[in-house]
Amino acid sequence: IISYPIMPSYYKTSFNGYAVKFSPFFPDRVAIATSQNFGIIGNGRQHVVDLIPGGPGAPPMMGGAAAGVPGASMSSCVDVAAFDTADGIYDCAWSEENEHVLISACGDGSVKVWNVAAPPHANPLRSFEGHRHEVHAVSWNLVSRDCFVSASWDDSLKLWSVNGPPAPPMSGGGAAPGGAPIRSFDEHTYCVYAAAWNAAHKDVFASASGDGTVKVWDTRQPHSVLTVRASRSEVLSVDWNKYADCVFATGNVDKTIGLWDVRRPEAPVSQLHGHHYAIRRVCFDPHSEARMLSCSYDMTVRLWDTRVETENSCMRVWDGLHSEFCVGIDISPLREGFIASCGWDEVCHFYTIDGPSPTTMR
């Protein structure tokens with residue numbers, strides 16, 4: 001674990017931010033998924049950025065801008081790579097077995113695989129094409145590390161392996177698809193917005209859907225092993241507690257966060273209130289059983305202590321970081337207390353749980 005302090009910083013993206021993910025291998029590397037025109041229509045760009053210790057007073061770096069890619073707003077951010085797609089990118093995830101590989105969830109129904117260390121002409125490495133509509137989320141298996149799951153607006157999820165053989169070349173030329181999915185999961189009745197692998201069990205993941213349910217899947221079983229009616233509204237996000245493998249959280253359109261235990265799924269263990277609009281993402285801290293982050297269409301990021309009573313559970317609110325919907329958050333697995341958030345305002349902020357806020361904090 002890297003614990004040296006980093007000053008608050010930010011990175012300006014070319015399009016609207018959708019997701020940010022810290023590398024599980026390099027403590028200073030992040031991936032930022034973006035979409036043009038708020039993801040409604042247009043292109044996508046997958047950014048990869050390194051954070052270099054420095055301060056807001058240092059001169060700006062111009063290398064990225066000169067190359068046609070938005071440069072880092074401060075010397076503490078430098079461009080590593082930028083991958084363009086014909087449709088928007090809604091999510092991304094780093095490989096858990098190759099430090100240079102990441103995947104992007106694309107609006108054309110594909111999942112693109114990139115290698116940061118490969119030359120531009122070699123990317124994307126593969127394109128997994130099996131969904132009929134937009135892929136809204138991807139999650140890499142944290143235990144077996146050799147597969148990932150994708151969640152789509154076609155109401156399904158698909159399990160893929162990057163180590164399998166690619167599909168035969170398409171007739172008429174063009175790049176070969178990445179290969180067929182290992183399996184499809186088709187029980188949801190509306191868009192699937194999120195998926196998350198359990199951090200302790202290699203065969204278990206959860207999915208969150210606009211049908212108001214969270215389903216828990218075991219890839220060894222033919223059907224979902226649990227369906228939780230998590231909200232009367234749409235469920236936009238789900239994440240497992242990294243230390244309590246039976247506990248997961250949901251982010252809901254009804255402005256609530258639900259904490260659930262699969263051993264007692266009839267009702268939430270607790271509900272967290274504080275956001276004023278739909279909750280876009282929830283993210284448990286990989287360094288703490290109790291801490292959890294959330295972000296919302298109310299443009300705020302909130303830090304929660306899930307052990308205390310509901311009315312006292314909000315530990316901190318970052319209000320003023322973003323001037324548009326805040327839709328992406330992550331907590332570094334390698335640097336304790338270091339977090340990132342991104343939004344439709346085309347800004348990705350980097351800051352610490354206990355440190356100064358980049359802007360106004362309530």
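This is a short dialogue on reading a predicted model.

Q: Where do I start: how many helices and strands does the secondary structure of the protein have?
A: Begin with the elements. Here there are 1 helix and 28 strands.

Q: What share of the protein's residues is buried?
A: Look at how much of each residue is covered. Of the 362 residues in the protein, 58% are buried. The accessible surface comes to about 14400 Å². Carbon and sulfur atoms hold 54% of that surface.

Q: Which share of the contacts with a separation of 6 or more comes from residues 24 or more positions apart?
A: Compare positions along the chain. In this protein the share is 52%.

Q: Which residues make the nonpolar surface patch?
A: Look for nonpolar side chains on the surface. Phe38, Ile40 and Ile41 make a patch of about 340 Å². Take Ile40 as one of them. Ile40 sits in the loop between strand E3 (29–35) and strand E4 (44–51).

Q: Is isoleucine 40 buried or exposed?
A: Check the relative accessible area. Isoleucine 40 has 73%, so it counts as exposed, the cut-off being over 50%.

Q: How many disulfides are there?
A: Check the distance between cysteine sulfurs. A disulfide needs two of them within 2.5 Å. The count here is 0.

Q: Why is there no bond between cysteine 295 and cysteine 326?
A: The two sulfurs are 4.1 Å apart, so they are too far for a bond. For cysteine 326, the nearest cysteine sulfur is that of cysteine 295.

Q: Are these two cysteines buried or exposed?
A: Use relative accessible area again. Cysteine 295 is buried, at 0%. Cysteine 326 is buried too, with 0% relative accessibility.

Note on methods
Residues numbered from 1 in each chain as written. Predicted model: local features only at pLDDT ≥ 70, side-chain atom pairs only at ≥ 80, totals over all residues. Heavy atoms only, no water. Patch = residues over 30% accessible without salt bridge, like charges linked within 9 Å, V, L, I, M, F, W, Y side chains within 5 Å. Areas by Shrake-Rupley, 256 points an atom, 1.4 Å probe, with all protein chains shown as cover. Salt bridge = Lys/Arg side-chain N within 4 Å of Asp/Glu carboxyl O. Helix = DSSP H or I, 4+ residues; strand = E, 2+ residues; numbered from the N terminus. Buried < 20%, exposed > 50% of the residue type's maximum accessible area, 1.4 Å probe, protein only. Contact = heavy atoms within 4.5 Å.
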